[in-house]
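Colleague: Please take a close look at one part of this model, an enclosed space in the protein, and then work outward from its lining to the elements around it. I would like one connected account.

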Amino acid sequence: MAVEQIKMPQLGESVTEGTISKWLVSVGDKVNKYDPLAEVMTDKVNAEVPSSFTGVIKELIAGEGDTLAVGEIICTIETEGGGGADETSIAVAEKTPSETSDTVAEAQEDQGNKARYSPAVLKISQEHGIDLNQVSGTGAGGRITRKDLLKLIESGNIPAAGQKVEAPQQPAAVQAPAQQVSSQPVSTPAPAVNIPVAVGDIEIPVTGIRKAIAANMLRSKHEAPHAWTMIEVDATNLVDYRNTLKDEFKKKEGFNLTFFAFFVKAVAQALKEFPQINSMWAGEKIIQKKDINISIAVATDDALFVPVIKNADEKTIKGIAREISELAVKVRTGKLRSEDMQGGTFTVNNTGSFGSVQSMGIINYPQAAILQVESIVKRPVVMNNGMIAVRDMVNLCMSLDHRVLDGLVCGRFLQRVKEILENTSKSTTSIY
């Protein structure tokens with residue numbers, strides 16, 4: 001008999017960890033190769049983890065609700081044949097090349113479990129100059145987690161060499177918002193928020209996916225210095241053009257021709273002309289992506305997903321409208337796959353669908369910018385001839401990572417998007 005490991009898979013680009021939301025098997029269950037073992041959720045997608053082997057479940061190492069880094073062992077399976085690996089030999093996950101550096105190897109000899117650093121922990125420690133040998137983690141066996149480092153950074157008390165620092169413990173009660181936590185020694189847990197619960201109040205448990213969304217938003221705001229800019233667009237011609245087509249289009253194609261499809265197409269075209277916007281921060285370098293893959297935000301009652309329209313610059317408005325419709329259906333029916341979420345290089349968020357007219361989006365990490373398309377509203381506008389006319393106006397609000405982008409290039413990018421949209425009409429624009 002041999003004992004094989006099942007590890008936390010990579011469920012999307014930039015995803016570094018996942019949370020076990022539900023086990024679909026128990027110890028002693030017989031499973032076949034490709035049978036689903038557990039439901040896992042990240043900030044980007046919910047997915048099932050399949051078995052890589054046929055055998056019997058030997059141990060569930062992670063519990064429901066546990067968050068593990070990509071590559072960590074979640075369970076073991078006893079299979080027929082093989083060399084009969086013993087239990088102790090399988091307890092350590094394979095390391096990436098960066099994890100087997102001299103410093104990490106030395107720490108492993110001294111600290112056991114605590115030195116099994118995930119790629120996310122190593123990356124954050126390197127970026128912020130944290131000596132991991134001086135940090136005591138809150139994970140299993142004293143293991144240092146990404147959340148431990150984020151709490152240290154948030155407190156501003158980065159440990160120097162030789163200065164032992166305890167990572168803050170997670171209190172049972174709800175943590176206070178970051179902006180309400182005053183500076184204090186890192187060894188002291190953040191104070192809990194004691195909110196009186198009156199008769200009629202409803203306590204709603206924070207779901208795993210809500211925790212994942214919160215963690216990703218916190219990471220984006222913490223790591224990326226956000227800047228914000230807005231431009232006003234006269235969408236009157238676009239509105240008239242789309243309204244003349246929508247009924248016939250729906251009858252012919254079977255899905256809606258939305259305003260959002262025109263905006264996504266305009267953004268994709270402008271990204272091709274301003275490729276600097278289509279970039280990501282990578283520590284010592286900036287990666288300018290060749291493909292233009294537009295992430296779009298799709299909301300459910302309790303979560304937000306960001307599926308991706310691949311190579312959006314090569315698609316027609318009709319093709320983009322079809323993908324928007326198909327991806328939205330997948331999200332709302334629970335059929336979105338991990339590959340549907342991967343590869344995004346820029347995000348366009350249709351906040352206007354909720355009636356918003358101005359907003360400041362949080363960047364979809366590790367992308368460099370996000371564009372909020374606000375509600376199209378009729379407003380009186382002073383025209384070039386000095387006359388006042390009622391026009392269909394829309395605000396485009398852009399949040400940018402100031403490490404990667406400056407205001408000049410973003411301003412020119414938005415001007416180009418504005419130009420494309422304002423010149424959208426039957427005589428200039430084909431949807432096919």
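Modeller: A cavity here is a set of grid points where a 1.4 Å probe fits but cannot get out. The model is a predicted one. It holds two cavities of 30 Å³ or more, and the second largest of them has about 40 Å³ of space.

Nine names make up the lining of that cavity: Ser220, Ala224, Trp281, Ile363, Tyr365, Pro366, Gln367, Asp401 and Arg403. By class, five of the lining residues are nonpolar, two are polar and two are charged.

Two of the lining residues, Tyr365 and Pro366, are joined by a cis peptide bond, with omega about 5°. Most peptide bonds are trans. Proline 366 sits in the loop between S18 and S19.

Both of those strands lead to another space, the second largest pocket. Strand S18 (346-349) and strand S19 (369-373) each supply at least two residues of its lining, as do helix H4 (208-223), strand S15 (298-299) and helix H7 (317-332). The pocket has about 770 Å³ of space. Its lining counts 31 residues, and those nearest the centre are Ala297, Val298, Ala299, Leu304 and Asn349. The classes in this lining are 16 nonpolar, 12 polar and three charged residues.

H7 contributes the most to the lining of the second largest pocket, namely five residues, and H7 also packs against another helix, H6. Two packed helices are described by the angle between their axes and the distance between the axes. For H6 and H7, the axes come within 9 Å and cross at roughly 120°; the crossing is right-handed. On the H6 side the contact is made by Phe260, Ala261, Phe262, Val264 and Lys265, and on the H7 side by Ile317, Ile320, Ala321 and Ile324. Eight residues of this contact are nonpolar, none is polar and one is charged.

H6 has a further partner. Helix H6 (residues 259-273) packs with helix H8 (residues 407-422) at an angle of about 135°, the axes being 9 Å apart. Angles over 145 degrees would count as roughly antiparallel and 65 to 115 as roughly perpendicular, and H6 and H8 are therefore oblique to each other. Their crossing is right-handed. From H6, the residues Phe262, Phe263, Ala266, Val267, Gln269, Ala270, Leu271 and Glu273 meet Phe413, Arg416, Val417, Ile420 and Leu421 of H8. The contact of H6 with H8 has 10 nonpolar residues, one polar and two charged. Phe262 appears in the contact of H6 with H8 and also in that of H6 with H7.

One backbone detail from another loop can be added. Tyrosine 34 lies between strand S3 (30-31) and strand S4 (36-41). Its phi is near 80°, a positive value in a residue other than glycine. Most residues other than glycine have a negative phi.

Terms used:
Residues are numbered from 1 along each chain as its sequence is written. This is a predicted model: local features need pLDDT of at least 70, side-chain atom pairs count only at pLDDT 80 or more; totals for chains, interfaces and linings use all residues. Side-chain values use heavy atoms; hydrogens and water are left out. On a 1 Å grid over the protein atoms alone, a cavity is a set of points where a 1.4 Å probe fits but cannot get out, and a pocket is an open set with protein on both sides within 12 Å along at least five of seven lines; lining residues have an atom within 4 Å of a point. Grid points are joined across faces, edges and corners, and a volume is the space filled by probe spheres set on the points. Helices (H or I, at least four residues) and strands (E, at least two) are DSSP runs, numbered from the N terminus. Ala, Val, Leu, Ile, Met, Phe, Trp, Tyr, Cys and Pro count as nonpolar, Asp, Glu, Lys and Arg as charged, and the others, Gly among them, as polar. Axes are lines fitted to C-alpha atoms, for helices over the stretch in contact, and angles run from 0 to 180 degrees between N-to-C directions. Angles under 35 degrees count as roughly parallel, over 145 as roughly antiparallel, 65 to 115 as roughly perpendicular and the rest as oblique. A crossing is left-handed if the near helix is turned anticlockwise from the far one by less than a right angle, and right-handed if clockwise. Contact means heavy atoms within 4.5 Å.
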